[in-house]
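This report walks through selected local features of one protein chain. Keep the sequence and the structure open while reading.

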Amino acid sequence: MKKIVLSIVIAILAVSMAFAAGGKDSDTVVIGAIFPLSGGVAFYGNESRDGALLALEEINAAGGLLGKKLTLISEDDEGNAEKTVNAFTKLTSRDKASFIIGSSTSGPTQAMSTLAQRNRIVLISPSATNIAVTRAGDYVFRACFIDPFQGVVGANFAYNTLRSRRAAVLYDAGADYNKGLADAFKGQWRSLGGQLVADEAYQTGEVDFNAQITRIRAANPDVVYLPNYYNDVSLQAKQLRDRGINCALIGGDGWDGLVDNAGNEVINGFWSSGFASDTTDPRGAAFVRAFQARFNRTASQFAALGYDSMMLVADGIKAAGSFDTAAVKDAMAKINGTYITGNIRFDANRDPIKGATILEIVRQGGTLVNSYRATVNP
């Protein structure tokens, strides 16, 4: 913690000096990107980085913004808050970036949000869902829905659509994202009249969930809520199925990437997402085709959110008619338009008011895929 605080202090001084010095290439504008491009959640970061890059390339192909071309400079924070601060300092001081997209998860994003606010850097995260992320101030935005909304969506879907009445929860108590979803789910579940038959926690890094699953099995739930990241869920689902727990499993957007890292144990699994790659919406379908052509893989929700984050910044710049960050953040706050992940407008905390997609994991032609099941609007 002391190292992070020291890094933030150094970053504040470095960024302030950089802005005093000024100096930005007259023909290009740097957009900074800070994501976990390696490490345990690298899938999220690489997807969002590539989505943002695709948007930037399309903007440049259409003539750029206000007579300037955009260039994306990406940094790898490995999902580490201290490295996020270092990347922020480098991008804003050395590369003169006034607009930053990132990070993927809430902790690293929060580590730089105060810096962004203090130094008037427009910061937008594609996928940091913790409610506190945007509370740093009016220069900080997000493109995704927030943790409480996902937890409520999961409870509503389990109770109203799956007709479940007995729920168990297994979550990482040491991670804000996981705990935030779990708390919201439990609160909504009880308000609906559902029975919480097992409330189990674990600590980050655990791989053996036998003790928790033994208690879950004894409680006989008809749904298990797993608001965890895909690498943990792949282990938990297998261990649940191995112990004969075959009920529906539900989770949040941290499940993105699960179908590539699990087997049949995740069938009868449902999760809340910001985007469905099998969308029939013309704009969304065009994005999926463009992403496939550019990167030779199917676009995930993180790719779509990265794309939308770049487009939200671009639309703010166009509406402001300026690259001045004070004008841009004011223009972004007034946005109300259609994007890849749906219609987006911001509330007073610069959190988007938008719906959530429920995806079901199914097997198609021998391959696990995420299939659109429903849309839940706010």
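## A buried lysine and its partner

Lys-186 is buried, with a relative accessible area of 7%. The model is predicted, and the values here are computed from it. Buried means under 20% relative accessible area, so Lys-186 at 7% falls inside that class. Which residue pairs with Lys-186 in a salt bridge? The partner is Asp-199, and the closest N and O atoms are 3.0 Å apart. This pair links distant parts of the chain: Lys-186 sits in helix α6, Asp-199 in strand β7 (residues 195-202), and 13 residues separate them.

Asp-199 is partly exposed, with a relative accessible area of 38%. The bridge therefore joins a buried lysine to a partly exposed aspartate.

## Other salt bridges

Side chains of opposite charge can pair when their charged atoms come close. In this model the count comes to 18 salt bridges.

Helix α6 (residues 176-192) also holds Lys-179 and Asp-183. These two form a salt bridge, with 2.8 Å between the closest N and O atoms. They are four residues apart in the helix, so about one helical turn separates them. Lys-179 is partly exposed, at a relative accessible area of 36%. Asp-183 is partly exposed too, at 35%.

Another bridge runs between two strands. Glu-360 pairs with Arg-373, and the closest N and O atoms are 3.3 Å apart. Glu-360 lies in strand β14 (residues 356-364) and Arg-373 in strand β15 (residues 367-376), so the pair ties together parts that are 13 residues apart in sequence. Glu-360 is partly exposed, with a relative accessible area of 21%. Arg-373 is partly exposed as well, at 35%.

Salt bridges also form a network. Its members are Glu-47, Arg-49, Asp-50 and Arg-297.

## Helix α9: one buried face

Helix α9 covers residues 282-295, 14 residues in total. The distance from its first C-alpha to its last is 20 Å, close to the 20 Å expected at 1.5 Å a residue.

Which residues of α9 are buried? They are Gly-284, Ala-285, Phe-287, Val-288, Phe-291 and Phe-295. Seen down the helix axis, these buried residues fall within an arc of 155 degrees, so they line one face of α9. They pack against α2 (42-61) and α10 (301-320). On the other side of α9, Pro-282, Arg-289 and Ala-293 are exposed.

## The ends of α9

Asp-281 caps the N-terminal end of α9. One of its side-chain oxygens lies 3.2 Å from the backbone nitrogen of Arg-283. Just after the helix, Asn-296 takes a positive phi of about 60 degrees.

## Helix α4: a kink

Helix α4 (106-118) follows the loop after β3 (99-102). Its 13 residues should span 18 Å at 1.5 Å a residue, and the end C-alpha atoms are 19 Å apart, which agrees. Where is the kink in α4 centred? It is centred on Met-112, with a bend of about 30 degrees.

Met-112 is itself buried. Other buried residues of α4 include Ser-106, Pro-108, Thr-109 and Ala-111. Further along, Ser-113, Leu-115, Ala-116 and Gln-117 are buried as well. Just after α4, Arg-120 takes a positive phi of about 60 degrees.

## Backbone points to check

The peptide bond from Gly-102 to Ser-103 is cis, and its omega is near -15 degrees. Ser-103 is in the loop between β3 and α4.

Two loop residues have positive phi although neither is a glycine. Leu-66 has a phi of about 50 degrees. Its place is the loop between α2 and β2 (69-76). Leu-66 counts as partly exposed, at 43% relative accessibility. Lys-96 has a phi of about 60 degrees. This lysine is found in the loop between α3 (81-94) and β3. Lys-96 is partly exposed, with a relative accessible area of 24%.

Key:
Residues are numbered from 1 along each chain as its sequence is written. This is a predicted model: local features need pLDDT of at least 70, side-chain atom pairs count only at pLDDT 80 or more; totals for chains, interfaces and linings use all residues. Side-chain values use heavy atoms; hydrogens and water are left out. The expected span of a helix is 1.5 Å times one less than its number of residues. Buried means under 20% relative accessible area, exposed over 50%, partly exposed in between (1.4 Å probe, protein chains only). The arc is that of the directions from the helix axis to the C-beta atoms. Contact means heavy atoms within 4.5 Å. A polar contact is a pair of N or O atoms within 3.5 Å; within protein, one must be able to donate a hydrogen and the other to accept it, and residues adjacent in sequence count only if both atoms are side-chain atoms. A salt bridge is a side-chain nitrogen of Lys or Arg within 4 Å of a carboxyl oxygen of Asp or Glu. The bend at a residue is the angle between axes fitted to the seven residues ending there and the seven starting there.
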